[in-house]
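Reader: I am new to this structure and would like a close look at one part of it. Please pick a metal site if there is one, and then show how the rest of the chain is laid out.

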Amino acid sequence: MKLSSLSAVLLCTLAVTACDKKSEKTEEQSTPVEAAIIADDPNACAVMSEAAALHGSLEGFSASEQQKFHVKFDWSSPLVSGTKGNSATVTFKDHHAHAVALKISSFKLFMPAMGHGSSQGDQMVMTQDATNTNVWTVDQIYFSMGGAAGEWVVDIEAGACGVTDKVRMAIPVEVQ
Ligand SMILES: [Cu+2]
């Protein structure tokens, strides 16, 4: 009796998970992260759970909203709309400016003036660097249309051990 109710609970849990995944997939611009190489890094978990805020700014990096991490984007050049040939390197640093192996949980392009994102946001491939685990490569980035410097932004969310923080960053170059 006990076993069968446990099975029922497990089945329900699995069903809910499957449903969640399905709805995630059908939602436009969802970006499933399947390329994570390592489990949550203990140091990254510690950084995310700390109450301490970032110490000042780090050149080339932006601070996340809750001051949990610094992040820097390096974009491929030139950025071209209507293709998936664009990529970016994303680098995370902690509040001591040390590398921190966060995991990207969401990466969404957005054009605030027009209220739309990328029509192929679910095609992106995110890969965590095996050696420099604070560095990710995001490939197959698709811009639905061109835009002047700053017209496209990225909403990125990252974290460890279930704690995440986010930041919106403008793309500082023209998308052709
Ligand atoms: Cu637009």
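Author: The answer starts with the copper ion and then moves on to the sheets, one residue in a strand, the disulfide and the confidence of the model.

This is a predicted model, in which local features need pLDDT of at least 70 and side-chain atom pairs count only at pLDDT 80 or more, while totals for chains, interfaces and linings use all residues. Residues are numbered from 1 along each chain as its sequence is written, and side-chain values use heavy atoms, with hydrogens and water left out.

The copper ion has four protein donors: the SD atoms of M111, M114 and M145, and NE2 of H116. They lie 2.0 to 2.3 Å from the ion. A donor here is an N, O or S atom within 2.8 Å of the metal (3.2 Å for Na, K and Ca); water is not among the atoms, so sites may look incomplete. The angles among the four donor atoms run from 104 to 116 degrees, and the site is tetrahedral; for four donors that label requires all angles to lie between 85 and 135 degrees. Along the chain the donors follow the spacing M-x2-M-x1-H-x28-M. M111 belongs to strand β4 (residues 103-111) and M145 to the loop between β7 and β8 (153-160), so this pair ties together parts 34 residues apart in sequence. Helices (H or I, at least four residues) and strands (E, at least two) are DSSP runs, numbered from the N terminus. M111 is buried, at 1% relative accessibility, whereas M145 is partly exposed, at 27%. Buried means under 20% relative accessible area, exposed over 50%, and partly exposed in between (1.4 Å probe, protein chains only).

Strand β4 is part of an open sheet of four strands, in the order β5-β4-β8-β9, with antiparallel pairing. Its edge strands, β5 (116-117) and β9, each pair on one side only. Two strands pair if DSSP finds at least two bridges between them; β4 and β8 have seven. S106 stands opposite E157 in β8.

Another open sheet has five strands, in the order β1-β2-β3-β7-β6, also with antiparallel pairing. At its edges are β1 (62-63) and β6 (125-128), each pairing on one side only. Six bridges join β2 (residues 70-75) to β3 (residues 86-93), and K72 stands opposite T91 in β3.

V135 lies in strand β7 (residues 135-141) and is buried, at 17% relative accessible area. Leaving aside neighbours within four places in sequence, V135 is in contact (heavy atoms within 4.5 Å) with T89, V90, T91, T127, Q128 and D129.

The structure holds one disulfide, that is, one pair of cysteine sulfur atoms within 2.5 Å. C45 is joined to C161, with 2.0 Å from S to S. C45 sits in helix α2 (residues 42-49) and C161 in the loop between β8 and β9 (163-170), 116 residues apart. The torsion about the S-S bond is about 70 degrees, so the disulfide is right-handed. C45 is buried, at 14%, while C161 is partly exposed, at 46%.

Confidence is given as pLDDT, the predictor's confidence in each residue, from 0 to 100. The chain averages 83, and 78% of the residues score at least 70. Over residues 1-32 the value stays under 50.

Key: Tetrahedral: all angles 85-135°; square planar, octahedral: opposite > 155°, others 65-115°.
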